[in-house]
Amino acid sequence: MNKAKFITFEGVDGAGKSTHLEWFANALRQRGIDLLVTREPGGTPLGERLREILLNHPMHAETETLLMFAARREHVEQVIRPALQRGTWVISDRFSDASFAYQGGGRGVALDKLEQLEQWVHGDLQPDLTLLFDIPIEVARQRLANNISLDRFEQEQGAFFEKVRQAYLARSQKTPARFAVIHAEKTRDEVQKILEKIVSSI
Ligand code: TMP
């Protein structure tokens, strides 16, 4: 039996990641894969409470970073690791790459602090595959424009998201073998064709 895979979905707000995640998860399930879909921040009862605070309550950038990793620690121990150990695949809507992009790139938290937290919280666990939905920020912003209520991150300006985008790309260049960078401004059908190829390959 193949080892259960840990797959993460990443990208700036408005890249369409969540819609594609649903399609991707269904495609894997149709192939008989036992699969758990989860998200960050969140994925556990405590993590969901931290998500509520993180998305709505103003705080210092390092407090935000620490809470993201606190929620992640719980998520890894309570959900991700147990699932992988029993042979269930895990797809997480965001993981540590989001902290490097949003807290590191967007907020300017020092890289070495993020690396220490990553090492502490899940030093021996990295995703097998990360799908990074990359999109020009103007297009992502237009997609968000129809949302009635925006959270604390979605309310940020274009310059913030440009830094987030660049930090995601830099992170993908550091370990390119783990990443599939998908040009998310393409039509839904075009993106699905790419996803279909990825599903077949894994
Ligand atoms: P979502 O809207 O994709 O569910 O993500 C919630 C927000 O949380 C999103 O704007 C990105 C942000 N976020 C971080 O800033 N750092 C992190 O480590 C994670 C997981 C999410």
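The residues that line the largest cavity of this predicted model divide into 6 nonpolar, 1 polar and 2 charged. They are Gly11, Val12, Leu132, Phe133, Asp134, Ile135, Arg165, Tyr168 and Leu169, and the elements that contribute two or more residues to this lining are strand E4 and helix H7, the latter spanning residues 158-174. The space enclosed there comes to about 40 Å³, and the structure holds 1 cavity of 30 Å³ or more. Rolling a probe the size of a water molecule over the atoms shows where empty space is left.

Strand E4, which has just appeared in the cavity lining, belongs to an open sheet of 5 strands, whose order is E2-E3-E1-E4-E5 and whose pairing is parallel. Strand E2 (35-39) and strand E5 (179-183) occupy the edges of this sheet, and because each has a single partner strand, one side of each is left without a neighbour in the sheet. From one strand to the next, the twist averages 20°. At the E2 edge, the pairing with strand E3 (residues 89-93) is parallel and runs over 5 bridges, and within it Leu35 has Trp89 of E3 as its bridge partner. Helix H4, residues 96-106, lies across strand E1 (6-11), strand E4 (129-134) and strand E5, and its direction makes an angle of about 20° with that of E1.

Helix H4 also takes part in an aromatic contact with helix H7. A search of the whole structure finds 7 aromatic pairs, one of which joins Tyr102 and Tyr168 in an edge-to-face arrangement, with 6.3 Å from centre to centre and 85° between the planes. Since Tyr102 lies in helix H4 and Tyr168 in helix H7, the pair ties together parts that are 66 residues apart in sequence. Tyr168 is, in addition, one of the residues that line the largest cavity.

From the cavity we turn to the largest pocket, which holds about 710 Å³ of space. Of the 33 residues that line this pocket, Asp13, Gly14, Lys17, Ser18 and Arg94 are the closest to its centre. Two or more lining residues come from each of helix H1 (17-30), helix H2 (45-56), helix H3 (61-85), helix H4, helix H6 (137-144) and helix H8 (188-201). Sorted by class, the pocket lining has 11 nonpolar, 9 polar and 13 charged residues.

Two details of the backbone remain, and both are found in loops that follow strands already described. Most residues other than glycine have a negative phi, and most peptide bonds are trans. Arg94, among the residues closest to the centre of the largest pocket, has a positive phi near 80° although it is not a glycine, and its place is in the loop between E3 and H4. The peptide bond from Glu40 to Pro41, for its part, is cis, with omega near -10°, and Pro41 is located in the loop between E2 and H2.

Conventions:
Residues numbered from 1 in each chain as written. Predicted model: local features only at pLDDT ≥ 70, side-chain atom pairs only at ≥ 80, totals over all residues. Heavy atoms only, no water. Pairing = 2+ DSSP bridges. Helix = DSSP H or I, 4+ residues; strand = E, 2+ residues; numbered from the N terminus. Axes fitted to C-alpha atoms, helices over the stretch in contact; angles between N-to-C directions. Contact = heavy atoms within 4.5 Å. 1 Å grid on protein atoms, 1.4 Å probe; cavity = no way out; pocket = protein on both sides within 12 Å on 5 of 7 lines; lining within 4 Å. Points joined across faces, edges and corners; volume = space filled by probe spheres on them. Nonpolar A, V, L, I, M, F, W, Y, C, P; charged D, E, K, R; others polar. Phe/Tyr/Trp six-rings, centres within 6.5 Å; stacked < 30°, edge-to-face > 60°.
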